[in-house]
Structure formats: C-alpha cells, structure tokens
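Reader: I am new to this structure, and I would like to learn how to read its helices. Could you walk me through it?

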Amino acid sequence: MTQRLKLPLGMMMLLIGGMTYLLFRPQTLLMFHVTDAIGLSAAINSMREGISSQLPEFIIYSLPGALWAAAYILTTEYFLYRQSVKTRILVAGIIPVIGAVSELLQFTGLLPGTFDVADLLCYLVPYLLYLSIILKIKRI
C-alpha cells in the first residue's frame with residue numbers, strides 16, 4: 001500500500017466504524033450522551049429513522065472494533081513511516097492490545113461489560129495481519 005493511501009483509508013475505516021455505532025447501536029451508550037451534549041442528537045435520530053437494522057450482529061457489535069484497530073494501525077504507520085520498524089510495531093499495537101486486554105478483563109469480571117470472542121479477534125486480527133506484513137516486508 002502506498003504511503004499516501006494509509007491516512008485516507010484509516011480515516012474512512014474510522015468513519016465507517018463510528019457511523020455504525022451512531023446508526024445501529026442502542027442509544028443508551030455513553031457516546032449518545034456526548035452527541036446530545038454537543039447538539040447532534042436530532043441529526044443522528046433523523047439518520048437512524050430511515051435505516052433498517054437488519055444487519056448481522058457481528059457488523060453492528062464487533063466490526064467497529066476491527067475497523068478502529070485497523071484505522072489506528074494505518075494512521076500510526078502513516079505518521080511513523082520513517083521510524084524504526086520496532087517503534088512502528090510497538091506504537092501500532094497500543095490500541096489493539098488495549099482492546100484485547102479490555103475484553104480479557106471483561107471475561108474475568110474485572111472490567112464491566114460482556115466478553116465476546118468476536119470482539120477479541122476484531123482487536124487482534126488487524127494487528128496480527130499488520131505484524132505479518134511488516135515483518136515479511138522488512139525482514140527484521
């Protein structure tokens with residue numbers, strides 16, 4: 001992938017993941033309090049009215065995590081492309097690892113929420129793909 005495509009692709013993934021949350025997730029989530037506080041609730045409710053929620057649960061509940069992890073990885077790769085491979089690997093792993101650890105903490109009951117294997121994989125798979133690609137390309 002060319003350097004110039006990394007940031008736009010990452011931003012597109014971030015947007016798709018965010019819109020999935022706004023359009024299909026229950027409005028009891030904390031983020032809807034934020035959208036209400038900044039005056040976006042009416043616009044979001046208007047968009048939600050015309051949309052069918054017949055999407056598979058995986059797309060609504062798990063895929064945004066994968067998109068956000070991949071967006072973060074692409075964005076860090078865009079900004080840190082001149083850094084060492086080791087630095088890029090370390091920084092690119094921050095969000096995917098935090099997501100995976102949060103899922104594992106939910107599994108143990110140490111963090112509120114519902115553990116989901118699909119969520120865990122959605123955080124880890126983009127990072128593992130990134131690792132396999134960058135290590136193959138750079139042969140470190």
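Reader: Which helices do the buried residues of helix 5 pack against?

Author: Happy to help! This is a predicted model, where local features need pLDDT of at least 70, side-chain atom pairs count only at pLDDT 80 or more, and totals for chains, interfaces and linings use all residues. Residues are numbered from 1 along each chain as its sequence is written, and side-chain values use heavy atoms, leaving out hydrogens and water. The buried residues of helix 5 pack against helix 4 (57–79), helix 6 and helix 7 (117–138), contact meaning heavy atoms within 4.5 Å.

Reader: Which residues of helix 5 are buried, and which are exposed?

Author: An α-helix has 3.6 residues a turn, so residues three or four places apart point the same way. In helix 5 (residues 85–92), V85, R88, I89 and A92 are buried (under 20% relative accessible area; exposed is over 50%, with a 1.4 Å probe and protein chains only). These residues lie on the same side of helix 5, because their arc around the axis is only 100 degrees. K86 and L90, on the other side, are exposed.

Reader: At what angle do helix 2 and helix 3 pack?

Author: Two packed helices are described by the angle between their axes and the distance between the axes. Here the angle is about 120 degrees and the axes are 7 Å apart. Helix 2 is therefore oblique to helix 3 (not under 35, over 145, or 65 to 115 degrees). F32, T35 and D36 of helix 2 meet S41, I44 and R48 of helix 3.

How values were computed: Axes are lines fitted to C-alpha atoms, for helices over the stretch in contact, and angles run from 0 to 180 degrees between N-to-C directions. Helices (H or I, at least four residues) and strands (E, at least two) are DSSP runs, numbered from the N terminus. The arc is that of the directions from the helix axis to the C-beta atoms.
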